[in-house]
Amino acid sequence: KEEGEKMNKYKTKKGIVYKNHFHVIWTVKYRKELLTGKIEERLKEIIYEVCQEKETELKAIEVMPDHVHVFIDVDPRQPLHLLIKAFKGRTSNELRKEFKILTTRVPSLWTRSYFCCTVGHISEEVIRKYIEEQKNR
């Protein structure tokens, strides 16, 4: 039974078994605090849509006024940089079409950079809790 419980923590697809977790953060250009209210809600929806399309599990998300945290489980055959490019590209494109303030306050929504870290040395729960507690800081 214990071996079966361990295996449930892994994803299985044709020809591959994996557990490939990443904590990813990216920021608004000039750290402008624009990700609130309806923009925040819509941003989360778009990120969820991208995850579904890319067969990526969104384990946790927190949107701060000037940056985004996502905790994802990614198929190792999916290049992480392309997934992040999809998150940033799609959200920037759609949000700037829907919310005029995002075209008048910043020349582009996101900075070019991002932070990513594999999650292995600490538990999923610790990462989830850290992301969820970001708003309380």
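## Buried rings

A residue counts as buried when its relative accessible area is under 20%. Keep that cut-off in mind for this predicted model, because Phe 87, at 0% relative accessibility, falls into the buried class. Trp 26 is also at 0% relative accessibility, so Trp 26 counts as buried too. Trp 110 comes out at 7%, which again means buried.

## How the rings meet

There are 2 aromatic pairs in the structure. One of them is Trp 26 with Phe 87, a stacked pair with 5.7 Å from centre to centre and 15° between the planes. This pair links distant parts of the chain: Trp 26 belongs to strand S3 (residues 21–27), Phe 87 belongs to helix H3 (residues 80–98), and the two are 61 residues apart.

Trp 26 also pairs with Trp 110. Here the ring centres are 5.9 Å apart and the planes sit at 85°, so this pair is edge-to-face. Trp 110 is found in the loop between helix H4 (101–104) and strand S6 (115–118), while Trp 26 is in strand S3, so the contact ties together parts that are 84 residues apart in sequence. Put the three rings together and you have one aromatic cluster made of Trp 26, Phe 87 and Trp 110.

## A lysine over a tyrosine

Another ring to look at is Tyr 30. The charged end of Lys 29 sits over the Tyr 30 ring, 5.8 Å from the ring centre.

## The S4–S5 hairpin

Now for the strands. S4 (residues 57–64) and S5 (residues 67–73) run antiparallel to each other and pair over 7 bridges. The connection from S4 to S5 is a hairpin through 2 residues. If you want a spot to start tracing the pairing, try Glu 57, whose bridge partner in S5 is Asp 73.

## Cysteines without disulfides

If you're wondering about disulfides, the count is 0, with 2.5 Å between sulfur atoms as the cut-off. Cys 51 is in no disulfide, and the nearest cysteine sulfur to it belongs to Cys 116, 15 Å away. With a relative accessible area of 1%, Cys 51 is buried.

Cys 117 is in no disulfide either; its nearest cysteine sulfur is again that of Cys 116, at 7.7 Å. Cys 117 has a relative accessible area of 27%, so it is classed as partly exposed.

Notes: Residues numbered from 1 in each chain as written. Predicted model: local features only at pLDDT ≥ 70, side-chain atom pairs only at ≥ 80, totals over all residues. Heavy atoms only, no water. Phe/Tyr/Trp six-rings, centres within 6.5 Å; stacked < 30°, edge-to-face > 60°. Helix = DSSP H or I, 4+ residues; strand = E, 2+ residues; numbered from the N terminus. Buried < 20%, exposed > 50% of the residue type's maximum accessible area, 1.4 Å probe, protein only. Lys NZ or Arg CZ within 6 Å of the ring centre and 35° of its normal. Pairing = 2+ DSSP bridges.
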